[in-house]
Amino acid sequence: MLRTAILAAAGHPTVERLVTTASVARNLVSRYVAGDEVDDAVRVSRSLISDGLTVTLDRLGEDTANEADAASTTDGYCALLDALAEAGVAPPAEVSVKLSAVGQRLDPKLATENARKICQAAAGVGTTVTLDMEDHTTTDLTLDTLAVLRADFPSTGAVLQAYLRRTETDCRDLAVSGSRVRLCKGAYAEPESVGFETALDVDRSYVRCLNVLMAGDGYPMLATHDPRLIAIGEERARWYDRTPDSFEFQMLHGVRPDEQRRLARDGYTVRIYLPFGRDWYPYLMRRLAERPAYVALFARSLVSSR
Ligand SMILES: Cc1cc2nc3c(=O)[nH]c(=O)nc-3n(C[C@H](O)[C@H](O)[C@H](O)COP(=O)(O)OP(=O)(O)OC[C@H]3O[C@@H](n4cnc5c(N)ncnc54)[C@H](O)[C@@H]3O)c2cc1C
C-alpha cells in the first residue's frame, strides 16, 4: 500500500521539484548512483570489478518524449560501451537498457532499431545487453523486441518480474538454451488484475519462477537482496549442479554491499546494477518505495532543510 502511494506521489510535478532540488536527495542518490558522467560509471565499475564483482550499467533516463532524445540515449550507450572497452572492462561489464529510453512509447519499431544499435556496439566490444522490464503495459512489447534482437544477438538478456501473474509462464518460455533471464520481484505499481498483491504472494511466485529457471537450460540471473530468496537460490544451484558460470546473482549498487562481496567470496558470479547520469529521479523514487522506512527519514530531512 505504502509502496503504491509513494510511486503515485512520485508522478506529481510538485513532489518531483521538491525532491530534485533538495541537497538531502543528492546525498541519497550518491548511495545508489555512480555519478553524473561516463567517467564516473567507468571508475566505479573498475572498483567493483577489482572487488571480484561484475557490473551491468544503466544510463539513467526513461520515457523519452521525442526521437532526438531517443537517438541521443542510443549514442550515449554506444559511447559508454566504447569507454568500457577502452578501460579494459567490457566484459565483465555489460549494459542494461530501458526500451522506453530509446523510444518505445513513441514507436516500438524505433525502440527496437535503437536497441539493435546498442546490441551491435556491445557485440563489437565483446559484451552483452539486458533489456530492463518496465510496467506491465510494456511486457509484451518488450518480449517481442527481445525475440527480434535475439535472432541476431542471442545473448541479449530479458527481465521477468515475479509480481506479475503471467511470469511463471514467461519463465517456462524463456528457460531455454542460450537464454539469459534476470528474475526480479518488480518495482512498479501494478493493478491486482495483473499482479500479486501481498509480499508473501510475490515471494512465493519468485520461488516458483526461480525453480523453473534453475531447472531449465538457460542462464538464470537471480536479482534480489532478499536473504531467504538468495538462500533458496544457493540451495537450488546445488540441487541442479549449477556451476558459477551457469547462473548469477544480481544486486543494486548501494544495497547490501557486504552480501554482494560474501557471495563473490563464496565463488558465485555476482553482477551489480550500476546506474549513472543526471536523470535519477524515477530511479531514486523506486528505491525509496522499496524502503518505506527511509521515506519518513527522507521527508523529515526535506522539511528541516527548507
Ligand atoms: C540487478 C537488479 C536489476 C533489476 N531490474 C529491474 C527491472 O528491470 N525491472 C523491475 O521492475 N525491477 C528491477 N529490479 C528491482 C526489483 O524488482 C525490486 O524492486 C528490488 O530488487 C527489491 O526487491 P528485493 O528482491 O531486493 O526484495 P525486498 O523484499 O524489496 O528487499 C529485501 C531486502 O533487501 C534490502 N533492500 C531492498 N531494496 C532496498 C533499497 N532500495 N535500499 C536499501 N535496502 C534495500 C533490504 O534489506 C530488504 O529487506 C532490479 C533489481 C536488481 C537487484
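## Tyrosine 294 and the helix it sits in

Is tyrosine 294 buried or exposed? This is a predicted model, and in it tyrosine 294 has a relative accessible area of 19%. The cut-off for buried is under 20%, so tyrosine 294 counts as buried.

You'll find tyrosine 294 in helix H13, which covers residues 292–304. Leaving out residues up to four places away in sequence, tyrosine 294 touches Arg31, Tyr32 and Leu288. Its C-alpha atom is 9.9 Å from that of leucine 28, although the two residues are 266 apart along the chain.

Valine 24 makes a similar long-range link. Its C-alpha is 9.5 Å from the C-alpha of alanine 299, with their positions 275 residues apart in sequence. Valine 24 belongs to helix H3 (residues 23–32), and at 17% relative accessibility it is buried too.

## Two nonpolar cores

Now for the greasy parts. In soluble globular proteins, nonpolar side chains tend to be buried together. Here the largest nonpolar core has 67 residues. Leu57, Leu80, Leu84, Val95, Ile118, Val129 and Leu183 have the most contacts inside it. Helix H9 (residues 199–215) gives the most to this core, with 7 residues.

To see what one of those contact-rich residues is up against, click on leucine 80. Not counting residues up to four places away in sequence, leucine 80 touches Val38, Ala41, Leu57, Val95 and Phe276. Apart from this core lies another one, with 21 residues, including Val24, Val29, Val255 and Tyr273.

## Around the ligand

Which residues are closest to the ligand? They are Tyr32, Gly186, Thr224, His225 and Glu290, out of 25 residues that surround the ligand. Tyr32 also turns up among the residues that tyrosine 294 touches.

Some polar side chains are worth a look as well. Glutamine 161 has a polar side-chain atom 2.8 Å from an oxygen atom of the ligand. Two arginines face ligand nitrogens: a polar side-chain atom of arginine 182 lies 3.1 Å from a nitrogen atom, and one of arginine 291 lies 3.4 Å from a nitrogen atom. Taken alone, the ligand exposes 930 Å², and the protein buries 86% of that.

## An aromatic cluster

Searching the whole structure turns up 5 aromatic pairs. One of them joins phenylalanine 247 and phenylalanine 249, an edge-to-face pair at 5.6 Å centre to centre, with 75° between the planes. Both of these phenylalanines are buried.

Phenylalanine 249 pairs with tyrosine 268 as well. Why is that pair edge-to-face? Their ring centres are 5.3 Å apart and the planes sit at 85°; planes over 60 degrees apart count as edge-to-face, so this pair qualifies. The pair links distant parts of the chain, 19 residues apart: phenylalanine 249 is in strand E7 (residues 248–252), while tyrosine 268 is in the loop between helix H11 (257–265) and strand E8 (270–276).

Phenylalanine 249 is buried at a relative accessible area of 1%, and tyrosine 268 is buried at 17%. Put together, Phe247, Phe249 and Tyr268 form one aromatic cluster.

## A buried serine

One last stop is serine 100, in the loop between strand E2 (93–97) and helix H6 (108–124). Its relative accessible area is 0%, so serine 100 is buried. Leaving aside neighbours within four places in sequence, serine 100 is in contact with Glu62, Asp63, Thr64, Arg105 and Glu134.

Definitions and conventions: Residues are numbered from 1 along each chain as its sequence is written. This is a predicted model: local features need pLDDT of at least 70, side-chain atom pairs count only at pLDDT 80 or more; totals for chains, interfaces and linings use all residues. Side-chain values use heavy atoms; hydrogens and water are left out. A nonpolar core is a set of buried Ala, Val, Leu, Ile, Met, Phe, Trp, Tyr and Cys residues joined through side-chain atoms within 4.5 Å. Buried means under 20% relative accessible area, exposed over 50%, partly exposed in between (1.4 Å probe, protein chains only). Helices (H or I, at least four residues) and strands (E, at least two) are DSSP runs, numbered from the N terminus. Contact means heavy atoms within 4.5 Å. A residue is near a molecule or strand if one of its heavy atoms lies within 4 Å of it. A polar contact is a pair of N or O atoms within 3.5 Å; within protein, one must be able to donate a hydrogen and the other to accept it, and residues adjacent in sequence count only if both atoms are side-chain atoms. Accessible areas come from the Shrake-Rupley method with a 1.4 Å probe; for residues, only the protein chains shown count as cover. Rings of Phe, Tyr and Trp (its six-membered ring) pair if their centres lie within 6.5 Å; planes under 30 degrees apart count as stacked, over 60 as edge-to-face and the rest as tilted.
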